Amino acid sequence: MAKVKLKSRFYILITVISVAVVVLLIVLLGNRGEGVTDMGEIRLELNTKAVLIRDEVCVSSEKFDRIIFSANEGDSVAEGDFIASVFKWGYKDDILQAYLNVQQNILSLQMELQGGAEDAELSALNDSILSYETQIRETVMGAGGRDLLELEQELKGLLKQRGELLRGKIQANEALTALYNQEAERDAQLKEWKSDVYSSGSGVLSFYFDGYEQALSASKLELINADLVSNVLRGSTLKDASSPDENYLYRITNVSHWYIAFVSDASDPQRTIAGEQYTVVFDGHMDKPYTGVALEPAIENGKVLNILEFNESIGGVISVRTANVVIKKDAQGVEVPLDSITMVDGVPHLAVITGNEPTLIEVDVLASGGGYAIIRAKNAGDSIQAGQKYQKP
């Protein structure tokens with residue numbers, strides 16, 4: 001009889017354990033597709049490669065043979081500032097040389113007619129001219145410490161000042177009058193070939209072009225797409241890029257307004273959110289973080305075009321076209337596992353359970369990391385709060 005009792009207890013224990021396992025499996029299997037939103041905090045650190053889009057004006061001219069710059073690369077200019085003298089195609093240097101020879105002959109005759117008369121103002125000008133000529137020679141030989149273009153411009157100013165001074169002091173004879181007339185003829189001939197260029201706006205001046213200026217322009221922001229940005233990041237030549245036949249002279253950049261653009265995969269719920277601020281650090285410029293505001297991202301052909309707008313000094317990245325960047329953002333709010341987000345046509349959603357039925361709500365992913373995401377409802381009429389049930393994809 002004892003043996004029978006032992007067997008009864010054993011079967012009762014097995015039955016209890018079996019029932020418990022079944023109940024546990026039912027609970028686990030019944031809840032494996034659901035979750036509950038929570039509150040959390042995540043710091044986004046997105047490493048990506050971006051293109052820089054400048055707010056600038058590019059100025060071109062008809063085909064030219066030669067250009068003499070009167071401003072330096074990187075100069076800050078205002079509208080109307082003298083930039084350069086451009087000589088039309090077919091120009092020959094002997095035209096300018098003939099003009100300079102006449103000016104030299106005029107100076108020689110003026111000094112001859114002036115004789116040995118003392119003139120303190122003229123002597124001071126001559127000393128200054130000799131000093132600048134010496135500095136230019138030293139700079140050409142690599143011994144000077146000043147900018148050559150700056151020295152040349154200052155010397156031209158002194159030469160013009162001396163010419164005007166001598167014209168006012170020296171009584172012209174027949175020979176000098178003839179030289180003045182010859183100078184006027186040579187000047188008129190030179191002007192047929194030469195045109196002066198003045199700044200068409202205010203900003204920072206540059207004479208360098210990378211071929212992307214027309215395609216990657218702040219004025220054509222609505223035409224920029226993910227494929228274009230991807231091609232630039234690959235270093236591809238663009239169909240509408242600057243060609244050698246387009247005679248660009250200079251560009252003027254607004255250093256306080258610019259953009260960056262980068263591409264992400266439409267299957268990735270992390271992308272920029274319109275109106276949100278992001279901190280951007282450029283590789284090689286780690287000591288200068290920038291703050292940009294996102295525009296509405298564009299989804300096309302499985303890609304997302306993300307654009308950030310900046311309204312602060314562009315600083316050391318003014319000449320950058322592509323760069324590795326780190327995009328950062330601290331976000332607080334409703335937290336869910338990243339894999340709980342459902343992608344519908346490249347747009348992130350959360351299936352919120354209301355009653356017994358899930359409802360897809362479009363969401364913004366403010367930040368993601370470590371397998372989790374901080375989200376909020378995209379549309380004003382929707383609401384997502386902590387403690388809500390959701391269904392996993």
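The questions below concern a helix pair and the largest pocket in a predicted model. Local features need pLDDT of at least 70, and side-chain atom pairs count only at pLDDT 80 or more, whereas totals for chains, interfaces and linings use all residues. Residues are numbered from 1 along each chain as its sequence is written, and side-chain values use heavy atoms, with hydrogens and water left out.

Q: Why are H2 and H5 called roughly antiparallel?
A: The axes of helix H2 (residues 93–114) and helix H5 (residues 174–193) come within 9 Å and cross at roughly 155 degrees. Angles run from 0 to 180 degrees between N-to-C directions, and those over 145 count as roughly antiparallel, so H2 and H5 are roughly antiparallel to each other.

Q: What makes a residue part of the contact between H2 and H5?
A: Contact means heavy atoms within 4.5 Å. Residues making this contact include Tyr 99 and Gln 103 of H2 and Tyr 180 and Trp 193 of H5. By class, the contact has 14 nonpolar, 5 polar and 3 charged residues.

Q: What makes a residue part of the lining of the largest pocket?
A: A lining residue has an atom within 4 Å of a point of the pocket, which is an open set on a 1 Å grid with protein on both sides within 12 Å along at least five of seven lines. Of the 36 residues that line the largest pocket, the closest to its centre are Tyr 99, Leu 100, Gln 103, Lys 156 and Leu 159.

Q: Which helix gives the most to the lining of the largest pocket?
A: H4 gives the most, with 12 residues.

Definitions and conventions. Helices (H or I, at least four residues) and strands (E, at least two) are DSSP runs, numbered from the N terminus. Angles under 35 degrees count as roughly parallel, over 145 as roughly antiparallel, 65 to 115 as roughly perpendicular and the rest as oblique. Ala, Val, Leu, Ile, Met, Phe, Trp, Tyr, Cys and Pro count as nonpolar, Asp, Glu, Lys and Arg as charged, and the others, Gly among them, as polar. On a 1 Å grid over the protein atoms alone, a cavity is a set of points where a 1.4 Å probe fits but cannot get out, and a pocket is an open set with protein on both sides within 12 Å along at least five of seven lines; lining residues have an atom within 4 Å of a point.
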